[in-house]
Amino acid sequence: MPSVTVDNTTETVTVNTTAVTISSPTFTTQYPDPTTAAFLYSDFLGNCEPFDICYGTAGQPNSGSWSYIVNAATDFGSLQLLLPAAQGTRVGVYAADADGEDVDRNTQLGYGAFDFTARVKFVGTAEQTQRVVVGYGITHGPPDTTVGQKLMLQFGAAFVCYGGGGNWIATFADSNTLNEVDSGVAVDVYHTLRITTNAAGTLINFYIDGNLIRSGAPTFDPSTTLGTWGAEARDKKTGGSTNAVTLSIDYMALKYTIAR
């Protein structure tokens, strides 16, 4: 194998044509990992692709709005989801097609492993009518009040919070029955929320800033539940808030891996 030597002082180039023998070479592939079936990521630098935004519910169509903020110093972006001061409102961003108040429930656990991450904060009042869901599941549209003040997640595994105060709560939901663990981590400053599942969908882990919050089997049946990964803010169907709130998302990612 020839070699090339450049002498900047004499401004000469010397080519050595002597052959070089390479024994036991090691080659590194540059092909993508075939076990990664999908990887979605957005820094929200002026758009939300490859994710999609849904705003409003059947009772409050076109309610909710959003905007993008770009940090000029770091060139990082963020998505600002604004929930207006009205009952029955919703705005969210999802790893699914969304059209008006409809979100495609396109994901079922049990066929591969999921790794979902979102760096978020929720700033608003401490009114208990407001909800935030970050993770996987089926949420109510329009928001309901069937189970006291807490109902927002029918089925799924997600970080939730009630109102603009308090902590992120790692939640399993099955048929409107909530199984909750309070993380002790406040919702009103940025934290990285992460949820992972094993390939069978039988083990789900919740992390905040890299720290394990809870781990266990889902209370819902992963083989029959079609849900959506994403983050949303919403208000009750009736008796909703009189204050607007903002769910800020610095970035969001979803990785799906399968055995090959």
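## Burial and overall make-up

Of the 260 residues in the protein chain, 43% are buried. Keep in mind as you explore that this is a predicted model. Its secondary structure comes to 19 strands and 0 helices.

Contacts tell us how the chain comes together. Among the contacts in the protein chain with a separation of 6 or more, 65% are between residues 24 or more positions apart.

## How confident is the prediction?

The protein chain has a mean pLDDT of 80, with 73% of its residues reaching 70 or more. Residues 141-149 need some care, since the pLDDT there is below 50. This stretch still has 18 contacts in the model beyond near neighbours in sequence.

## Strand S18, buried on both sides

Let's look at strand S18, which covers residues 228-235. How many of its residues are buried? The count is 8 of the 8, so S18 is largely enclosed by the rest of the structure. Thr-228, Gly-230, Glu-232 and Arg-234 point one way from the strand, while Trp-229, Ala-231, Ala-233 and Asp-235 point the other way, and all are buried.

S18 has a partner in strand S7 (residues 90-94): the two run antiparallel and are joined by 5 bridges. One place to find this pairing in the structure is Arg-90, whose bridge partner in S18 is Arg-234.

## Strand S13 and its two partners

Strand S13 spans residues 167-174. It is largely enclosed by the rest of the structure, because 6 of its 8 residues are buried. Strand S12 (residues 153-162) is joined to S13 by 5 bridges, and the two run antiparallel. Here Phe-159 stands opposite Ala-170 in S13. S13 also pairs with strand S14 (residues 177-186), in the antiparallel sense and over 7 bridges. In that pairing, Asp-174 has Thr-177 of S14 as its bridge partner. S13 and S14 form a hairpin with 2 residues between them, and Ser-175 in the turn has a positive phi of about 50°.

Ile-169 is a good residue to follow within S13. Its relative accessibility is 11%, and a residue under 20% is called buried, so Ile-169 counts as buried. Which residues does Ile-169 contact, leaving aside its neighbours within four places in sequence? They are Ala-158, Phe-159, Val-160, Tyr-162, Glu-180, Val-181 and Asp-182. Ala-158 is 11 residues from Ile-169 along the chain, and their C-alpha atoms are separated by 8.2 Å.

## Tyr-207 in strand S16

Tyr-207 lies in strand S16. Setting aside neighbours within four places in sequence, Tyr-207 is in contact with Phe-159, Thr-192, Leu-193, Arg-194, Thr-196, Leu-212 and Ile-213. Take Thr-196 from that list: Tyr-207 and Thr-196 are 11 residues apart in sequence, and 8.5 Å apart in space from C-alpha to C-alpha. Phe-159 appears here as a contact of Tyr-207, and Phe-159 is also in contact with Ile-169.

## Unusual backbone spots

Most residues other than glycine have a negative phi, and most peptide bonds are trans. A few places in this model go against those trends.

The loop between S3 and S4 holds two of them. Phe-44 sits in this loop and has a positive phi of about 55°, although it is not a glycine. Phe-44 is buried, with a relative accessible area of 0%. Pro-50 has its place in the loop between S3 and S4 too, and a cis peptide bond with an omega of about 10° joins Glu-49 and Pro-50.

Asp-209 belongs to the loop between strand S16 (204-208) and strand S17 (211-216). Its phi is positive, near 55°, in a residue other than glycine. Is Asp-209 buried, exposed or partly exposed? At 40% relative accessibility, Asp-209 counts as partly exposed.

## The second largest pocket

The second largest pocket holds about 190 Å³ of space. Its lining is made of Ala-38, Leu-40, Ala-95, Asn-106, Thr-107, Gln-108, Tyr-111, Phe-114, Trp-229, Leu-254 and Tyr-256. Strand S3 (36-42) and strand S19 (245-257) each supply at least two of these residues.

What is the chemical character of the lining, nonpolar, polar or charged? It divides into 8 nonpolar residues, 3 polar and no charged. Trp-229 links this pocket to an earlier section: it is part of the lining, and it is also one of the buried residues of S18.

Notes
Residues numbered from 1 in each chain as written. Predicted model: local features only at pLDDT ≥ 70, side-chain atom pairs only at ≥ 80, totals over all residues. Heavy atoms only, no water. 1 Å grid on protein atoms, 1.4 Å probe; cavity = no way out; pocket = protein on both sides within 12 Å on 5 of 7 lines; lining within 4 Å. Points joined across faces, edges and corners; volume = space filled by probe spheres on them. Helix = DSSP H or I, 4+ residues; strand = E, 2+ residues; numbered from the N terminus. Nonpolar A, V, L, I, M, F, W, Y, C, P; charged D, E, K, R; others polar. pLDDT = per-residue confidence, 0-100. Contact = heavy atoms within 4.5 Å. Buried < 20%, exposed > 50% of the residue type's maximum accessible area, 1.4 Å probe, protein only. Pairing = 2+ DSSP bridges.
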